[in-house]
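Please look first at the sequence and the model below, and then read how the fold, the surface and the interior can be described from the atoms.

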Amino acid sequence: MRAGTAARMRGWAGPAVLSFGFRPFFLLGGLWAAGAMAVWIAMLSGDLTTPTRFDPVAWHAHEFLFGYLGAVIGGFLLTAVPNWTGRLPVTGWGLGGLVLLWLAGRVGVATSELIGPLAAGILDLAFPVCLAAVLLHEVVVGRTWRNLPVLALLAVFATANGLFHVEGTVGAGVRLGLATALMMIAFVGGRIVPSFTRNWLVKRGLDAPPSSPMQGFDKVTLAFTGAALLLWVAWPDRAPTGAALIVAGGVQVLRLARWQGHRTRGEPLVWVLHAGYAFLPLGALVMGAAILAPDRVAPAAAQHLWMAGAIGLMTLAVMTRATLGHTGRTLHAGPATVAIYLAVIGATFVRLWAGLWPAAAPVLHAASGTLWTAAFLGFAMTYGPMLLLPRR
């Protein structure tokens, strides 16, 4: 560790929210997930207009995928990379600068009609590019080369955001960003879900599956999932793509079953990781079915199993667990946290139901949005004080 970095961390006497990357980005991400949903509903109803060049659906997709998820990825990686590299975290005004870049991106997209597409794109891409540069430096100096695939996925995620700004609508950029996010879940989830499950079982004196590095089956599953998602990005409505997604969903179900999540019912902080990951194969299976039989299942509804289910629930699972652990709390989910998890699960299935029952879609969309907003406002209210105040 560099002496200058250690001195900066020891000497930081500013707000606690800037003492670790998860603090500002998890809080802002949670608030934005709720706020952006409320803004989108108002935009759809015609009660609100914003000077953005994107239509409401495109703005909604972008701000969830690249806005909210971008913040959570930033908070997670700025917290995880120091553990991976053995180096001290980015803290203080350097962290504050990254937060300001993320906020500038939200303003840039919201005012893109006024400032122009080029300025909006530059403002929006500044955060992921600078984040990737900071993390790459840490990985290279720490010589933890096995973490480079995560940074490669971050680079692809930023590229997808740039493609969205070029297209100006929901297209290949959004699909590439979503596919990259799903691969992040598959890659990082393959580390943390079985690890946390084994730790929980061992602490309770229960037989646990043997701890082992990523095995051949996992690597084949990741490779096949990546290939199927690339087909979906390039040819989202072709029959071979639908078939590949169904097979990928099947092998991901087998991968998840090997982690023995059914034995963790006693701790929501653990079972929610399995539940969040389960939406990845479920989304692949339903998306594959939607491609092969679009008259029965709406692809947009299937896509929300990934967006709201896999991304929404998995990020909440990570944010709640990391916040409790890094602020000195007991790793246990109380009633409020369980209610947050259930609200997101409910929002996801209600949104899927809207795609299967078009006649009731307006009411179901409103119900899904309400559950989603309640979940993330609940996160901000429950975990906000932990994120803002010093560690116990």
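The protein contains 14 helices and zero strands, where helices (H or I, at least four residues) and strands (E, at least two) are DSSP runs numbered from the N terminus. This is a predicted model, in which local features need pLDDT of at least 70, side-chain atom pairs count only at pLDDT 80 or more, and totals for chains, interfaces and linings use all residues. Residues are numbered from 1 along each chain as its sequence is written, and side-chain values use heavy atoms, with hydrogens and water left out.

Some overall values are listed here.

| Property of the protein | Value |
|---|---|
| Box filled by the C-alpha atoms, along the principal axes | roughly 60 × 55 × 40 Å |
| Buried share of the 392 residues | 53% |
| Exposed area | about 16300 Å² |

Buried means under 20% relative accessible area, with exposed over 50% and partly exposed in between (1.4 Å probe, protein chains only). Accessible areas come from the Shrake-Rupley method with a 1.4 Å probe, and for residues only the protein chains shown count as cover.

In the interior, the largest nonpolar core has 111 residues, of which Phe 25, Leu 65, Trp 306, Trp 372 and Phe 376 touch the most other members. Helix α12 (residues 299-326) gives this core its largest share, 16 residues. A nonpolar core is a set of buried Ala, Val, Leu, Ile, Met, Phe, Trp, Tyr and Cys residues joined through side-chain atoms within 4.5 Å. Beyond its neighbours within four places in sequence, Leu 65 is in contact (heavy atoms within 4.5 Å) with residues including Phe 157, Val 174, Met 307 and Ile 311. A second, separate core of five residues includes Val 350 and Leu 364.
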